[in-house]
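Dear colleague,

Please find below the structure that I am handing over to you. I would ask you to keep it open while you read the notes that come after it.

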Amino acid sequence: MGFDKNDKIIKNDRFFRLMADNLPDMLWAKDIEGRYLFANRALCENLLMAKDTQEPIGKQDIFFAERERRKHPENQEWHTFGELCFNTDLITLEHMKPMRFEEYGNVKGKMLYLEVHKAPLFDEQGKLLGTVGSARDITRQKELERQIKKSNETFEQLLNATIEGLFVFDSERRCIQVNEMAAKITGYSQKELIGKHALDDLVAPESFDIVKEKIRLDSAEPYEMIVMRRDGSRVPVIARGKNLELFGKRVRISAIMDITEMKEAQTKIEYLAYYDVLTGLPNRRLLTRYLEQAMHFSARNGNYGALIFMDLDNFKKINDTAGHDSGDRLLKEIATRIKDSIRRSDTVSRFGGDEFVILLTNLKGTAEKVGLEVEKWAENIRSKVEEQFWLPEPMKMKIHPECSMGITLFKGDVRTTDELLKHADIALYEAKNSGRNCIRFYNRKMQQNVDKQIETEHQLNEAFSRNEIEVHYQPQLSMQGKIKAAEALCRWNHPVKGLITPDQFIPVAEMSGQIIKLGDIMLEKVCNRLKIWSGIEGFNNLAISLNISVKQFMSPSFVQSVEEKIEKYGVRPHMLKLELTESLFLDNFDKVVKKMNRLKKIGIEISLDDFGTGFSSLSYLKKLPLTQLKIDRSFIRDIIEDDNDKAIVRATIAIAESMGLETVAEGVETAEQKELLEDMGCKIYQGYLFSKPLPLEEFEAYAADKL
Ligand SMILES: Nc1nc2c(ncn2[C@@H]2O[C@H](COP(=O)(O)O[C@H]3[C@@H](O)[C@H](n4cnc5c(=O)[nH]c(N)nc54)O[C@@H]3COP(=O)(O)O)[C@@H](O)[C@H]2O)c(=O)[nH]1
């Protein structure tokens, strides 16, 4: 319906005009076709670019929009408001009620945001005249909002860029923002987390106190706590919180890091520290703790306890021949067998290798009665351990493991755990020395032996540094009684005890590993002697043979050490003969042969000592780079009376001959023995019949006669 601009209802009242023109908001009234009936100054200046407040009257927005476009043809996008806002006039008329819009448009190249209120305009009789509206410039506010949105987005990106779960809690401790990791850790979606209460919904009850305390103190120190997940499960986390102001609000930011894996690793480390991985049994450390407790317990209740050291006999052989996998399976089986043979209150542990330690506690009665009872337990365990065991593929064969045991009893805590473990170990050592596969109880004599051994070890070290090791020489003669070589044998010239023979210190040196050092000293002295003899007529053709222990031979630097000494003393290599025993070939035959070949290559001669006492086998003999076989003196001793010995020696000489090896008979004590050996074809003789091992000067005097 048309509308008369002279209608009294819109006649400018001066005061109304003043009011409207002084307001910063834009005000207007339009007829139903969108023609202005009224426009205040703010509208005319800021949006329509009208000359004055009268110009818009009777005109539509499009008029001003088009005029602006024409004025600025280079800027086509300028002043687009006029083309947009008519729509909202129509919407208002359609709904016939006051409405709020946000309109934006380009005015002189700047984006202008307006908050617009429009309402239908009625006269006093309720007749529709058009629309009335007001607009407020909210461009700054919009820009602010945009910035806030942008910084919110950046904040969210930052939140999600961390490996920690982040929560923002309001002053009521309700969650108002979270990152993706927070959702991942808790099992809730990010949306679900909003509104959750920090304590009631997310913290496990057992962590309430610590979390409350941290909040109270506003402590930024990290601490461990448990988070309740959506599915009711618990997750251990390291948490850290901070109260701060964010976008004008007091909030608490909490960061949590899932430490499940760390905890699992920690548990695993703890397990590894106290348990044996292969068998799952407690290890030495844990057994020592149990033993300590058992000793305290025994001190209180007066009952006995027992410690059993058990070691499989020949386990190394099984491991080497059947492979480590079979060895492992056997150890696992043994662990189960022992566990099944003891009470639940007792403990079996693995100390490594094939060594198991069993702790029996709360044994009542006298020492004698307890001793018998423990022996029964031990026998029972032993019989279980020794039951048949099938080695897995590829061996697939039945074995009967054997074991030795050392036992010590204890009452109270008068001894240390170390002492008790040592006692049981000493008893085990005795069991092994008594031919294996047996049980020994610890006693004081055993301790004395061990003490003696330790003392000898100590003194032997001093002997090395004080140069108390001497070389004695035992002649080796030909059939015709001519001296061919000498065997170098060590003696310990003790300042107080005098001359000590090797049987009194070599076993200790073997056990302690000092045999390597001893062997090295001997090698040095022998090479030095060869050098000196090389300058003496007659002696320059005397070879020296030297015993080499298994440990010395197997030491990685052995060949190099021989090479160095040969070079240092300018020794002709074939003058040095190394005596090796068959026990060397028990382990790693190929490696040993390789080393022997290296020595052979240098020119060193190799003699096989104690031949016939070990695992003599023709198949391996022919693979060895030997020059000599030494017939053991145990075959010579009774050779006159014993037909078996005769047969063995005859066969040995025949074998040696067929392989081009020289034979030496050692331990020849009588002329009869020598004659018989001569008949059999033996070439070289060594024994008391000719001479005992002699000190250097005596040997040289003896040899000078037999050159
Ligand atoms: N690794 C090293 N071992 C060594 C060294 N020196 C000696 N030994 C070993 O000690 C064992 C004992 O030696 P020893 O007491 O010197 O005995 C030797 C001879 O005295 C003895 N023998 C020689 N002939 C006779 C005899 O007619 N009757 C008899 N009852 N005994 C005799 O035999 C020993 C030499 O044996 P072997 O070495 O097998 O030739 C000794 O067995 C060595 O193993 C060393 O430096 N390193």
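The following paragraphs describe what was found, beginning with the whole protein and then moving to its parts.

Please bear in mind throughout that this is a predicted model.

**The protein as a whole**

The protein contains 27 helices and 27 strands. Of its 707 residues, 32% are buried. If one takes the contacts with a separation of 6 or more, 54% of them come from residues 24 or more positions apart.

**The surroundings of the ligand**

There are 23 residues around the ligand, and those that come nearest are Leu489, Pro502, Asn547, Gly687 and Tyr688. Three elements each give two or more residues to this shell: β19 (483-494), α19 (515-534) and β23 (605-611). Which of the elements gives the largest share of the shell? It is β19, with 3 residues. Sorted by class, the shell consists of 8 nonpolar, 8 polar and 7 charged residues.

**The antiparallel sheet**

An open sheet is formed by 5 strands in the order β7-β6-β10-β9-β8, and the pairing in this sheet is antiparallel. The edges are held by β7 (175-178) and β8 (223-228); each has a single partner strand, so one side of each is left without a neighbour in the sheet. From one strand to the next, the twist averages 35 degrees.

The partner of β8 is worth following in the display. Strand β9 (residues 234-246) is joined to β8 by 6 bridges, and the two run antiparallel. Within this pair, Met225 stands opposite Val237 in β9. Helix α10 (residues 208-217) packs on the sheet, where it touches β8, β9 and β10 (249-258). The direction of α10 makes about 120 degrees with that of β8.

**The mixed sheet**

Another open sheet has 5 strands in the order β12-β13-β11-β16-β17, with mixed pairing. Why do β12 and β17 each have one side without a neighbour in the sheet? Both β12 (347-352) and β17 (439-441) stand at the edges with a single partner strand each, so one side of each is left open in this way. Here the twist averages 20 degrees from one strand to the next.

The pairs in this sheet can be traced one at a time, starting from an edge. β12 pairs with strand β13 (residues 355-363) in the antiparallel sense over 5 bridges, and Gly352 stands opposite Glu355 in β13. β13 also pairs with β11 in the antiparallel sense, over 7 bridges. In that pair, Glu355 in β13 is the bridge partner of Asp311. Glu355 therefore offers a useful place to look, as it stands opposite Gly352 and is also the bridge partner of Asp311.

β11 pairs as well with strand β16 (residues 402-411), in the antiparallel sense and over 10 bridges. There, Met310 stands opposite Met405 in β16. How many of the 10 residues of β11 are buried? The number is 9, and β11 is mostly covered.

**A helix on the sheet and its helical partner**

Helix α14 lies across β11 (304-313), β12 and β13, and runs at about 155 degrees to β12. Two packed helices are described by the angle between their axes and the distance between the axes. For helix α14 (residues 324-341) and helix α15 (residues 367-385), the angle is about 145 degrees and the axes are 9 Å apart. Their crossing is right-handed. On the side of α14, the residues that meet α15 are Ile334, Arg337, Ile338, Asp340 and Ser341; in α15, they are Asn380, Ile381, Lys384 and Val385. By class, this contact has 4 nonpolar, 2 polar and 3 charged residues.

**Two residues with positive phi**

Most residues other than glycine have a negative phi, and most peptide bonds are trans. Against that background, two residues may be noted.

Lys108 has a phi near 50 degrees, a positive value in a residue other than glycine. Lys108 lies in the loop between β3 (99-107) and β4 (110-122). Is Lys108 buried or exposed? It counts as exposed because it has 12 C-beta neighbours inside 10 Å, and a residue is exposed if that number is 12 or fewer.

Asp218 is not a glycine either, and its phi is positive, at about 50 degrees. Its place is the loop between α10 and β8. With 11 other C-beta atoms within 10 Å, Asp218 is exposed.

With kind regards

Notes:
Residues are numbered from 1 along each chain as its sequence is written. This is a predicted model: local features need pLDDT of at least 70, side-chain atom pairs count only at pLDDT 80 or more; totals for chains, interfaces and linings use all residues. A residue is near a molecule or strand if its C-beta atom, placed from the backbone, lies within 6 Å of it. Helices (H or I, at least four residues) and strands (E, at least two) are DSSP runs, numbered from the N terminus. Ala, Val, Leu, Ile, Met, Phe, Trp, Tyr, Cys and Pro count as nonpolar, Asp, Glu, Lys and Arg as charged, and the others, Gly among them, as polar. Axes are lines fitted to C-alpha atoms, for helices over the stretch in contact, and angles run from 0 to 180 degrees between N-to-C directions. A crossing is left-handed if the near helix is turned anticlockwise from the far one by less than a right angle, and right-handed if clockwise. Two residues are in contact if their C-beta atoms, placed from the backbone, lie within 7 Å. Two strands pair if DSSP finds at least two bridges between them. A residue is buried if 20 or more other C-beta atoms lie within 10 Å of its own, exposed if 12 or fewer, and partly exposed in between; C-beta atoms are placed from the backbone.
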